[in-house]
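Here is a structure to read with a few definitions in hand. Look at it first, then follow the questions.

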Amino acid sequence: MRFLMDKDKIISLLDGTADDWLFGEALRLRNQTIGDKVYLRGLIELSNRCRKNCFYCGIRCDNHNVERYELTKEQVVTAAKYALEHGYGSVVLQAGEQQSNRFTDFVTDLLSEIKELSQGKLGITLSLGEQSEATYEKWFAAGAHRYLLRIESSSEDVYKRIHPEDHSFATRLGCLSSLKEIGYQVGTGVMIGLPEQTTESLADDLLFLKNFDVDMCGMGPYIEHPDAPLGKSQTPLEERFRLALRMISLLRLLMPTINIASTTALQAINPLGREMGIAAGANIIMPNITPSFLRANYKLYNNKPLSDIDLSGFDVAYNEWGDSRHYALRSN
Ligand code: 5AD
Ligand code: SF4
(Lines give C-alpha, C1' and ligand atoms only; values in the text may rest on other atoms or scores of the structure.)
(Ligands and ions follow the chains in the order given, each with its own letter.)
Protein backbone atom coordinates (compact mmCIF):
# COMPACT_ATOMS: atom_id res chain seq x y z
CA MET A 1 0.00 0.00 0.00
CA ARG A 2 1.24 3.47 -0.87
CA PHE A 3 0.99 6.21 1.65
CA LEU A 4 -0.10 9.41 0.03
CA MET A 5 -0.33 11.77 2.92
CA ASP A 6 -1.17 15.39 2.55
CA LYS A 7 0.27 18.04 4.81
CA ASP A 8 -2.84 18.30 6.99
CA LYS A 9 -2.76 14.58 7.65
CA ILE A 10 0.94 14.78 8.55
CA ILE A 11 0.29 17.66 10.95
CA SER A 12 -2.54 15.82 12.62
CA LEU A 13 -0.35 12.73 13.11
CA LEU A 14 2.47 14.91 14.46
CA ASP A 15 -0.03 16.29 16.94
CA GLY A 16 -0.38 12.75 18.29
CA THR A 17 -3.84 11.83 17.05
CA ALA A 18 -3.03 8.20 16.25
CA ASP A 19 0.33 7.18 17.77
CA ASP A 20 -0.34 3.47 18.10
CA TRP A 21 -1.46 3.20 14.49
CA LEU A 22 1.44 5.33 13.28
CA PHE A 23 4.21 3.47 15.09
CA GLY A 24 2.73 0.10 14.13
CA GLU A 25 2.33 0.93 10.44
CA ALA A 26 5.86 2.34 10.18
CA LEU A 27 7.35 -0.76 11.74
CA ARG A 28 5.30 -3.05 9.54
CA LEU A 29 6.28 -1.16 6.41
CA ARG A 30 9.97 -1.14 7.33
CA ASN A 31 9.97 -4.89 7.99
CA GLN A 32 8.16 -5.54 4.74
CA THR A 33 10.45 -3.40 2.57
CA ILE A 34 13.98 -3.35 4.01
CA GLY A 35 13.66 -5.91 6.78
CA ASP A 36 13.78 -5.94 10.56
CA LYS A 37 17.55 -5.74 11.05
CA VAL A 38 19.45 -2.89 12.64
CA TYR A 39 22.72 -1.75 11.05
CA LEU A 40 25.62 -0.36 13.04
CA ARG A 41 27.71 2.71 12.38
CA GLY A 42 30.62 3.09 14.75
CA LEU A 43 30.82 6.82 15.44
CA ILE A 44 34.34 8.23 15.71
CA GLU A 45 34.45 11.86 16.83
CA LEU A 46 37.69 13.07 15.23
CA SER A 47 37.73 16.49 16.79
CA ASN A 48 35.48 18.95 18.62
CA ARG A 49 37.02 21.99 17.01
CA CYS A 50 34.48 23.94 14.99
CA ARG A 51 34.54 27.20 13.04
CA LYS A 52 30.78 27.63 13.39
CA ASN A 53 28.77 29.17 16.15
CA CYS A 54 25.33 27.53 15.94
CA PHE A 55 23.16 28.93 18.75
CA TYR A 56 22.09 25.49 20.00
CA CYS A 57 25.39 23.65 20.07
CA GLY A 58 27.70 22.91 23.00
CA ILE A 59 30.87 22.85 20.91
CA ARG A 60 30.23 26.15 19.05
CA CYS A 61 33.45 28.10 18.67
CA ASP A 62 32.48 30.78 21.20
CA ASN A 63 32.11 28.24 23.99
CA HIS A 64 35.38 28.47 25.86
CA ASN A 65 34.29 26.00 28.53
CA VAL A 66 35.20 23.04 26.33
CA GLU A 67 38.64 21.66 26.03
CA ARG A 68 39.33 21.19 22.34
CA TYR A 69 40.90 17.99 21.09
CA GLU A 70 41.86 16.20 17.93
CA LEU A 71 42.37 12.46 17.69
CA THR A 72 45.65 11.24 16.31
CA LYS A 73 45.71 9.00 13.28
CA GLU A 74 46.63 6.11 15.58
CA GLN A 75 43.61 6.73 17.80
CA VAL A 76 41.27 6.78 14.79
CA VAL A 77 42.82 3.60 13.44
CA THR A 78 42.38 1.95 16.84
CA ALA A 79 38.70 2.88 16.83
CA ALA A 80 38.26 1.62 13.25
CA LYS A 81 39.87 -1.67 14.22
CA TYR A 82 37.48 -1.92 17.13
CA ALA A 83 34.59 -1.49 14.67
CA LEU A 84 35.97 -4.15 12.37
CA GLU A 85 36.61 -6.65 15.14
CA HIS A 86 33.14 -6.17 16.57
CA GLY A 87 31.35 -6.75 13.28
CA TYR A 88 30.28 -3.15 12.67
CA GLY A 89 29.50 -2.74 9.00
CA SER A 90 30.48 0.91 8.86
CA VAL A 91 32.13 3.79 10.63
CA VAL A 92 31.20 7.46 10.69
CA LEU A 93 33.96 10.04 10.92
CA GLN A 94 32.43 13.11 12.55
CA ALA A 95 33.88 16.44 13.66
CA GLY A 96 33.00 20.08 14.02
CA GLU A 97 33.38 22.06 10.82
CA GLN A 98 37.02 22.66 9.91
CA GLN A 99 38.17 24.00 6.58
CA SER A 100 41.90 23.78 6.12
CA ASN A 101 44.21 21.91 3.80
CA ARG A 102 45.71 20.22 6.80
CA PHE A 103 42.32 18.88 7.90
CA THR A 104 41.32 17.86 4.37
CA ASP A 105 44.55 15.93 3.97
CA PHE A 106 44.23 14.35 7.41
CA VAL A 107 40.78 12.99 6.50
CA THR A 108 41.95 11.85 3.05
CA ASP A 109 44.77 9.97 4.70
CA LEU A 110 42.39 8.38 7.24
CA LEU A 111 40.09 7.23 4.46
CA SER A 112 42.90 5.42 2.66
CA GLU A 113 44.11 3.94 5.90
CA ILE A 114 40.67 2.62 6.91
CA LYS A 115 40.03 1.21 3.42
CA GLU A 116 43.34 -0.56 3.59
CA LEU A 117 43.07 -1.97 7.10
CA SER A 118 39.50 -3.20 6.60
CA GLN A 119 40.13 -4.37 3.03
CA GLY A 120 36.93 -2.64 2.06
CA LYS A 121 34.88 -4.36 4.75
CA LEU A 122 33.99 -1.11 6.54
CA GLY A 123 31.62 1.32 4.89
CA ILE A 124 32.69 4.91 5.57
CA THR A 125 30.38 7.82 6.23
CA LEU A 126 31.60 11.38 6.75
CA SER A 127 29.93 14.04 8.87
CA LEU A 128 32.32 16.98 8.62
CA GLY A 129 30.13 19.94 7.78
CA GLU A 130 30.22 22.32 4.86
CA GLN A 131 33.21 21.96 2.56
CA SER A 132 34.16 22.98 -0.96
CA GLU A 133 33.05 20.78 -3.82
CA ALA A 134 36.72 19.96 -4.47
CA THR A 135 37.09 18.65 -0.92
CA TYR A 136 33.93 16.56 -1.17
CA GLU A 137 35.28 15.13 -4.43
CA LYS A 138 38.65 14.38 -2.94
CA TRP A 139 37.11 12.49 -0.03
CA PHE A 140 34.76 10.60 -2.34
CA ALA A 141 37.71 9.53 -4.48
CA ALA A 142 39.55 8.43 -1.32
CA GLY A 143 36.74 6.05 -0.38
CA ALA A 144 33.99 7.88 1.49
CA HIS A 145 30.61 7.04 0.04
CA ARG A 146 28.07 8.51 2.43
CA TYR A 147 27.81 12.02 3.85
CA LEU A 148 25.66 13.40 6.64
CA LEU A 149 24.88 17.10 6.72
CA ARG A 150 21.78 18.15 8.56
CA ILE A 151 19.72 21.00 7.21
CA GLU A 152 18.62 21.48 10.88
CA SER A 153 15.35 23.02 9.71
CA SER A 154 14.00 23.28 6.19
CA SER A 155 12.37 26.59 7.08
CA GLU A 156 14.72 29.42 6.25
CA ASP A 157 13.09 31.47 9.04
CA VAL A 158 13.77 28.85 11.67
CA TYR A 159 17.27 28.33 10.27
CA LYS A 160 17.98 32.04 10.66
CA ARG A 161 16.71 32.10 14.22
CA ILE A 162 18.99 29.29 15.36
CA HIS A 163 22.16 30.39 13.56
CA PRO A 164 24.26 33.57 13.50
CA GLU A 165 23.88 35.81 10.45
CA ASP A 166 26.96 34.54 8.65
CA HIS A 167 25.65 30.95 8.51
CA SER A 168 23.93 30.55 5.17
CA PHE A 169 20.92 28.37 4.47
CA ALA A 170 21.65 28.61 0.73
CA THR A 171 25.22 27.38 1.21
CA ARG A 172 23.94 24.44 3.21
CA LEU A 173 21.50 23.51 0.45
CA GLY A 174 24.26 23.95 -2.12
CA CYS A 175 26.48 21.53 -0.21
CA LEU A 176 23.72 18.93 -0.11
CA SER A 177 23.25 19.25 -3.87
CA SER A 178 26.99 18.95 -4.54
CA LEU A 179 27.20 15.82 -2.42
CA LYS A 180 24.39 14.25 -4.37
CA GLU A 181 25.88 15.29 -7.67
CA ILE A 182 29.24 13.75 -6.77
CA GLY A 183 27.54 10.44 -6.03
CA TYR A 184 27.45 10.20 -2.26
CA GLN A 185 24.58 8.59 -0.42
CA VAL A 186 23.30 11.76 1.16
CA GLY A 187 21.87 12.04 4.63
CA THR A 188 20.32 15.06 6.22
CA GLY A 189 17.95 15.76 9.07
CA VAL A 190 16.45 18.26 11.43
CA MET A 191 16.12 19.05 15.11
CA ILE A 192 12.74 18.56 16.68
CA GLY A 193 11.12 20.76 19.30
CA LEU A 194 13.19 23.88 18.71
CA PRO A 195 11.94 27.11 20.31
CA GLU A 196 9.00 28.50 18.27
CA GLN A 197 8.96 25.50 15.93
CA THR A 198 5.45 24.35 15.04
CA THR A 199 4.19 20.96 13.93
CA GLU A 200 3.41 22.63 10.61
CA SER A 201 7.09 23.48 10.23
CA LEU A 202 8.00 19.86 11.08
CA ALA A 203 5.54 18.65 8.45
CA ASP A 204 7.36 20.89 5.96
CA ASP A 205 10.62 19.31 7.08
CA LEU A 206 9.28 15.86 6.23
CA LEU A 207 8.10 17.05 2.84
CA PHE A 208 11.51 18.65 2.26
CA LEU A 209 13.23 15.31 2.95
CA LYS A 210 10.89 13.61 0.53
CA ASN A 211 11.32 16.26 -2.19
CA PHE A 212 15.08 16.36 -1.83
CA ASP A 213 14.95 12.58 -2.18
CA VAL A 214 17.39 11.88 0.67
CA ASP A 215 19.01 8.47 1.08
CA MET A 216 19.47 8.67 4.84
CA CYS A 217 18.15 10.70 7.69
CA GLY A 218 19.19 11.46 11.24
CA MET A 219 16.96 13.65 13.33
CA GLY A 220 16.40 14.03 17.01
CA PRO A 221 14.94 16.19 19.75
CA TYR A 222 16.52 19.53 20.52
CA ILE A 223 18.11 19.45 23.96
CA GLU A 224 19.17 22.67 25.68
CA HIS A 225 22.87 23.08 26.39
CA PRO A 226 23.79 25.33 29.33
CA ASP A 227 26.62 27.03 27.41
CA ALA A 228 24.62 27.65 24.24
CA PRO A 229 22.49 30.77 23.84
CA LEU A 230 19.44 29.38 22.00
CA GLY A 231 17.72 28.68 25.27
CA LYS A 232 14.59 26.98 26.35
CA SER A 233 12.08 25.30 24.11
CA GLN A 234 8.47 25.70 25.17
CA THR A 235 7.80 22.09 24.16
CA PRO A 236 8.30 19.81 27.18
CA LEU A 237 11.16 17.31 26.76
CA GLU A 238 8.80 14.33 26.93
CA GLU A 239 6.72 15.80 24.10
CA ARG A 240 9.85 16.51 22.03
CA PHE A 241 10.72 12.86 22.46
CA ARG A 242 7.28 11.71 21.28
CA LEU A 243 7.46 14.16 18.37
CA ALA A 244 10.81 12.70 17.35
CA LEU A 245 9.33 9.18 17.31
CA ARG A 246 6.40 10.41 15.22
CA MET A 247 8.80 12.11 12.80
CA ILE A 248 10.69 8.82 12.36
CA SER A 249 7.48 6.89 11.71
CA LEU A 250 6.09 9.45 9.31
CA LEU A 251 9.33 9.59 7.36
CA ARG A 252 9.34 5.80 7.15
CA LEU A 253 5.85 5.91 5.68
CA LEU A 254 6.87 8.62 3.21
CA MET A 255 10.20 7.01 2.27
CA PRO A 256 10.06 3.26 2.99
CA THR A 257 13.53 2.32 1.70
CA ILE A 258 15.80 5.01 3.16
CA ASN A 259 18.09 4.52 6.15
CA ILE A 260 16.81 6.26 9.26
CA ALA A 261 18.97 6.59 12.36
CA SER A 262 17.68 6.22 15.85
CA THR A 263 19.79 9.00 17.34
CA THR A 264 21.63 9.38 20.62
CA ALA A 265 19.59 12.49 21.43
CA LEU A 266 16.60 10.13 21.91
CA GLN A 267 18.64 8.14 24.39
CA ALA A 268 19.64 11.31 26.21
CA ILE A 269 15.96 11.83 27.11
CA ASN A 270 14.96 8.24 27.71
CA PRO A 271 17.37 5.37 28.47
CA LEU A 272 15.39 3.20 26.06
CA GLY A 273 15.12 5.99 23.48
CA ARG A 274 17.15 4.36 20.75
CA GLU A 275 15.25 1.09 21.08
CA MET A 276 12.00 3.04 20.82
CA GLY A 277 13.29 4.81 17.70
CA ILE A 278 13.95 1.44 16.10
CA ALA A 279 10.47 0.26 17.10
CA ALA A 280 9.07 3.39 15.44
CA GLY A 281 10.65 2.47 12.10
CA ALA A 282 14.34 3.51 12.22
CA ASN A 283 16.97 0.94 11.16
CA ILE A 284 20.35 2.42 12.04
CA ILE A 285 22.17 3.02 15.30
CA MET A 286 25.46 4.82 15.70
CA PRO A 287 27.24 3.62 18.84
CA ASN A 288 30.01 5.94 19.89
CA ILE A 289 33.38 4.23 19.58
CA THR A 290 35.57 7.30 20.13
CA PRO A 291 38.35 6.47 22.60
CA SER A 292 36.41 6.98 25.80
CA PHE A 293 38.65 9.39 27.68
CA LEU A 294 37.87 12.07 25.10
CA ARG A 295 34.14 11.68 24.87
CA ALA A 296 33.33 14.01 27.72
CA ASN A 297 34.57 16.90 25.59
CA TYR A 298 32.21 16.20 22.72
CA LYS A 299 28.99 17.41 24.26
CA LEU A 300 26.62 18.92 21.75
CA TYR A 301 23.86 18.88 24.33
CA ASN A 302 23.45 18.12 28.00
CA ASN A 303 23.24 14.58 29.30
CA LYS A 304 24.67 13.08 26.14
CA PRO A 305 25.14 9.39 27.06
CA LEU A 306 28.74 8.39 27.60
CA SER A 307 28.00 4.84 28.66
CA ASP A 308 29.49 1.69 27.23
CA ILE A 309 28.10 -0.04 24.25
CA ASP A 310 25.17 -2.32 25.01
CA LEU A 311 23.60 -3.74 21.88
CA SER A 312 21.46 -6.34 23.62
CA GLY A 313 18.18 -4.62 22.76
CA PHE A 314 18.78 -4.78 19.00
CA ASP A 315 18.53 -7.39 16.27
CA VAL A 316 21.82 -6.44 14.60
CA ALA A 317 23.01 -7.34 11.10
CA TYR A 318 26.73 -7.78 11.74
CA ASN A 319 29.46 -7.36 9.13
CA GLU A 320 27.22 -5.67 6.61
CA TRP A 321 27.57 -2.18 5.18
CA GLY A 322 23.82 -1.69 5.30
CA ASP A 323 23.66 0.79 2.43
CA SER A 324 20.54 2.77 1.77
CA ARG A 325 18.26 0.70 -0.45
CA HIS A 326 16.80 3.95 -1.68
CA TYR A 327 20.18 5.01 -3.09
CA ALA A 328 20.48 1.80 -5.09
CA LEU A 329 16.96 2.27 -6.43
CA ARG A 330 17.43 5.91 -7.42
CA SER A 331 20.82 5.37 -9.09
CA ASN A 332 19.61 2.51 -11.26
N1 5AD B 1 20.27 19.36 20.74
C2 5AD B 1 20.05 18.40 19.82
N3 5AD B 1 20.81 18.19 18.74
C4 5AD B 1 21.88 19.00 18.59
N5 5AD B 1 22.82 19.05 17.64
C6 5AD B 1 23.68 20.03 17.94
N7 5AD B 1 23.31 20.64 19.08
C8 5AD B 1 22.19 20.02 19.51
C9 5AD B 1 21.33 20.18 20.61
N10 5AD B 1 21.55 21.13 21.52
C11 5AD B 1 22.78 18.21 16.44
C12 5AD B 1 22.69 19.05 15.18
C13 5AD B 1 23.95 18.71 14.43
C14 5AD B 1 24.26 17.33 14.97
C15 5AD B 1 25.67 16.89 14.79
O16 5AD B 1 23.94 17.43 16.33
O17 5AD B 1 21.55 18.65 14.43
O18 5AD B 1 23.78 18.69 13.03
FE1 SF4 C 1 29.79 23.25 14.77
FE2 SF4 C 1 28.03 21.39 14.04
FE3 SF4 C 1 28.00 22.43 16.52
FE4 SF4 C 1 27.22 23.95 14.46
S5 SF4 C 1 26.20 22.04 15.19
S6 SF4 C 1 28.59 24.56 16.12
S7 SF4 C 1 28.59 23.23 12.85
S8 SF4 C 1 29.60 21.17 15.62
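Q: What makes the span of helix 4 close to the expected one?
A: This is a predicted model, where local features need pLDDT of at least 70, side-chain atom pairs count only at pLDDT 80 or more, and totals for chains, interfaces and linings use all residues. Residues are numbered from 1 along each chain as its sequence is written, and chains are lettered from A and ligands numbered from 1 in the order in which they are written. Helix 4 (a DSSP run of H or I, at least four residues, numbered from the N terminus) covers residues 101–118. The expected span is 1.5 Å times one less than the number of residues. For the 18 residues of helix 4 that is 26 Å, and the helix reaches 26 Å from its first C-alpha to its last.

Q: Why are F106, V107, L110, L111 and I114 said to be on the same side of helix 4?
A: These five residues are buried (20 or more other C-beta atoms within 10 Å of their own, the C-beta atoms being placed from the backbone; exposed is 12 or fewer, partly exposed in between). They cover an arc of only 140° around the axis, so they are on the same side. The arc is that of the directions from the helix axis to the C-beta atoms.

Q: Which residues of helix 4 are called exposed?
A: On the other side, N101, R102, D105, S112 and E116 are exposed.

Q: What covers the buried residues of helix 4?
A: The cover includes helix 3, strand 2, strand 3 and helix 5. A strand is a DSSP run of E, at least two residues. Contact means C-beta atoms, placed from the backbone, within 7 Å.

Q: Which residues does M247 touch?
A: M247 touches I192, L202, L206 and M219, not counting residues up to four places away in sequence.

Key: Contact = placed C-beta atoms within 7 Å.
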